[in-house]
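Grab a pencil and work through these exercises with the model in view. Each task comes with a solution that goes step by step.

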Amino acid sequence: MSNRDELIIRSLRVRMVEEKIIDLYPSDLIQSPVHLSIGQETVAVGVCAALDDRDMLFPNYRGHAFYLARKAPLKEFFAELMGRKTGISKGKAGSMHLAAPDYGVMGASAVVASTISHAVGAALAERIKGKSDRVFVAVFGDGATEQGAFFESLNFCSIHGLPVLFLCEDNSLAVHTSLDDRQSFSLERLSDAFGIVFFNEEAGFDPVAVFETTSAALRHLRGGSGPALLRVKTMRYREHVGPGEDFDAGYRAERTVTQWKKKDPLLGDLSRFTAEIALIRDEIDQAVEFAIGSDFPGIEELLTDVL
Amino acid sequence: MSSRTYRSALETVMVEALENVPSTAIIGQGVTDHKGIFGTTLGLHDRYPGRVIETPLAEDSIAGICIGMGLNGVYPINTHIRADFGLLAFNQLINLAAKYKYMFGGLFEVPLMMRMVVGRSWGQGAQHSQSLQSLLSHIPGLAVVMPATPQSVLASYRYAISEHKGPIVMLEHRLLYELEFDDDEASPSHPIFGSRLDRLGSDVTVVATSIMVLEARRAADYLADFGISVEIIDLHSTSHYDKEMILTSVEKTGKLLVADTSWTFYGVAAEINRVIAEKNPRLLSLPSVSVGMAPAPCPTAKSLEDLYYPDVRVLVNEVAKLHNESDGHSVPLPDSESMVDFYKHFRGPF
Ligand SMILES: Cc1ncc(C[n+]2csc(CCOP(=O)(O)OP(=O)(O)O)c2C)c(N)n1
Ligand SMILES: [Mg+2]
């Protein structure tokens with residue numbers, strides 16, 4: 001299979017998982033907010049395909065795609081979303097706090113911009129331990145770039161020349177507010193002001209383009225030339241949080257999304273993937289079955305792992 | 001009897017941390033300068049250049065950087081020369097560090113230490129003087145320690161750095177730094193999850209934090225001459241204090257005074273009273289007394305500051321009333337030298 005097809009299949013798997021979440025949502029099996037990545041899967045898949053297994057990634061609450069793109073286990077994923085004891089975090093995390101350290105997925109936070117500095121600290125620790133050529137990825141949205149913690153992290157990281165990839169998933173929305181109403185700065189010039197190399201990818205719908213631009217950024221990082229900021233333009237198809245669409249709310253034009261969808265490879269001709277799609281469907285069904293069949297955590301879990 | 005200062009104990013544990021554990025780092029504003037966090041990190045940057053890290057003025061991200069370090073196997077010791085500045089790190093401390101282990105079902109540990117210095121005197125004013133133990137101790141997942149003696153510093157910092165796998169906040173009182181203590185001070189019942197029986201007594205229990213332990217000692221010494229025996233418990237860990245020690249003492253004396261370095265409402269005093277009320281309110285033969293900062297921001301003028309903080313006179317007066325079981329007593333109050341003046345000149349004997 002070509003690299004392109006491989007990346008499309010991986011992206012499709014993420015979408016199918018999230019479409020399953022949409023199907024399940026009315027049943028109340030998942031009792032927690034879900035921030036879907038539908039429309040944005042190719043970003044996570046393209047970036048993660050360019051990473052090595054040993055690299056560490058620090059995601060946020062919109063984290064299903066990154067968890068899955070790093071090949072963290074699907075059964076534990078659905079169990080986690082359904083608040084089961086067999087969830088990857090025993091049901092204590094849910095959709096917004098996915099983590100899988102064995103797959104280089106560090107803890108996701110639902111406080112905007114709050115894990116960006118973690119990536120910088122992990123990179124600093126790596127240097128103190130005397131190891132090298134491992135890369136640390138901070139994932140955040142366009143809204144997070146307005147936070148002071150983001151500026152502070154860029155500054156510190158640049159001073160110390162640490163190998164952090166600052167990855168901005170730019171869907172141009174923070175909840176219901178568009179980027180133009182929020183930002184007086186350009187990310188590229190901001191990056192430049194901190195002496196950080198800027199990479200840009202407009203074709204966020206194309207996992208190969210994302211993969212290639214990420215690979216270029218990673219070459220820079222592994223070459224020891226300090227951090228890089230990668231902005232990928234992308235499109236959120238669904239409402240900010242929850243399974244639905246909300247074009248009727250009027251905060252953005254449906255047309256923008258419709259036009260983007262025309263370029264979305266996951267909405268193109270998928271007939272050549274019939275076999276793969278069937279396999280993914282089975283995998284998802286089994287994972288959902290596993291989750292539904294799992295116990296809920298009980299009192300024995302209430303006070304464990306506090307300290 | 002040999003002795004040492006609080007500052008030198010802090011210096012000792014900082015040196016040991018870097019010396020004994022190659023994956024420890026000290027990070028904060030001023031850790032590499034010629035003052036070296038009141039002399040506790042002096043010269044360390046020269047000896048361990050990569051592990052003593054000066055920072056931009058960015059408390060929020062530095063706290064997050066410490067979390068990232070902890071997650072990737074390096075123990076960070078993050079300094080704040082005033083606890084007030086640590087407030088900018090509360091997002092990371094409370095929303096992230098305190099929750100990281102639990103929220104991810106035990107997948108991670110976040111070992112890190114945050115040292116925060118509580119200021120007082122010489123016009124520190126409203127924003128250089130806050131003592132934030134109750135805000136921090138309120139949060140499950142955080143350990144909060146207020147060491148009152150060099151021995152407590154040695155025991156708690158050593159344990160925290162080598163044994164404890166979670167975030168811990170150390171609240172160091174600025175006035176304690178240059179005070180000298182004998183080396184035979186009692187140890188806490190647990191280095192970071194315990195309290196310290198500072199002095200045995202039979203008439204009144206005083207539960208105190210940080211420098212108020214020393215003020216309680218002064219009051220106890222004074223009252224001993226009038227036949228009043230004070231038991232002093234140094235709370236030490238404000239998040240995980242020794243409940244049994246307190247209950248046992250109050251059961252014995254029936255009288256309680258709590259002396260804290262911060263405000264009394266929703267604070268340490270409120271907490272200790274909660275514990276007794278929930279166990280058995282009849283342990284107390286009289287209503288308890290709470291002593292702390294006046295319920296206002298800290299004023300800068302010395303005349304107001306001296307009124308703002310309780311001192312040995314307040315403690316003597318309140319303990320004597322408790323002992324006498326009335327609103328009055330016959331103990332003359334000690335000369336009014338302000339606590340700050342006293343400790344400025346203080347050179348022993350404990
Ligand atoms: C500190 C903080 N402020 C506000 C919120 C509420 N909030 C949740 S997501 C979000 C928008 C973030 O936008 P962006 O960074 O672009 O990420 P996106 O959701 O678009 O992926 C906001 C404001 C929050 N979770 N944390
Ligand atoms: Mg956005």
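**Exercise 1. Place B:Asn317 in chain B, and say whether B:Asn317 is buried, partly exposed or exposed.**

Solution. Start with the element: B:Asn317 sits in helix H13 (residues 312–324) of chain B. Helices here are DSSP runs of H or I with at least four residues, strands are E runs of at least two, and both are numbered from the N terminus. Next, accessibility: B:Asn317 has 24% relative accessibility, so B:Asn317 counts as partly exposed. The cut-offs are under 20% relative accessible area for buried, over 50% for exposed, and partly exposed in between (1.4 Å probe, protein chains only). Last, look across the chain: the C-alpha atoms of B:Asn317 and B:Ala219 are 9.1 Å apart, with their positions 98 residues apart along the chain.

Before you go on, some ground rules: this is a predicted model, where local features need pLDDT of at least 70 and side-chain atom pairs count only at pLDDT 80 or more, while totals for chains, interfaces and linings use all residues. Residues are numbered from 1 along each chain as its sequence is written, chains are lettered from A and ligands numbered from 1 in the order in which they are written, and side-chain values use heavy atoms, with hydrogens and water left out.

**Exercise 2. Work out which parts of chain A the salt bridge between A:Glu301 and A:Lys90 ties together.**

Solution. First the contact: the two side chains meet at 3.4 Å, N to O. That fits the rule for a salt bridge (a side-chain nitrogen of Lys or Arg within 4 Å of a carboxyl oxygen of Asp or Glu). Now the places: A:Glu301 belongs to helix H11 (residues 299–302) and A:Lys90 to the loop between helix H4 (74–81) and helix H5 (116–128), so the pair ties together parts 211 residues apart in sequence. Then check the cover: A:Glu301 is buried at 11% relative accessibility, whereas A:Lys90 is partly exposed at 22%. Over all chains, a search of the whole structure turns up 42 salt bridges.

**Exercise 3. Find where B:Arg47 and B:Glu19 sit in chain B.**

Solution. Begin with their salt bridge, 3.8 Å from N to O. This pair links distant parts of the chain: B:Arg47 is in helix H3 (residues 44–47) and B:Glu19 in helix H1 (residues 6–20), 28 residues apart. Both ends have a value to check: B:Arg47 is partly exposed at 49% relative accessible area, and B:Glu19 is partly exposed at 48%. For a buried pair, turn to A:Glu126 and A:Arg134, whose side chains meet in a salt bridge at 3.1 Å.

**Exercise 4. List polar contacts of ligand 1, then say how much of ligand 1 the protein buries.**

Solution. A polar contact is a pair of N or O atoms within 3.5 Å; within protein, one must be able to donate a hydrogen and the other to accept it, and residues adjacent in sequence count only if both atoms are side-chain atoms. A polar side-chain atom of A:Tyr61 is 2.8 Å from an oxygen of ligand 1. A backbone N or O atom of A:Ala110 is 2.8 Å from a nitrogen of ligand 1. A polar backbone atom of A:Ala144 lies 3.0 Å from an oxygen of ligand 1. Finally, ligand 1 taken alone exposes 570 Å², and the protein buries 72% of that (Shrake-Rupley method, 1.4 Å probe; for residues, only the protein chains shown count as cover).
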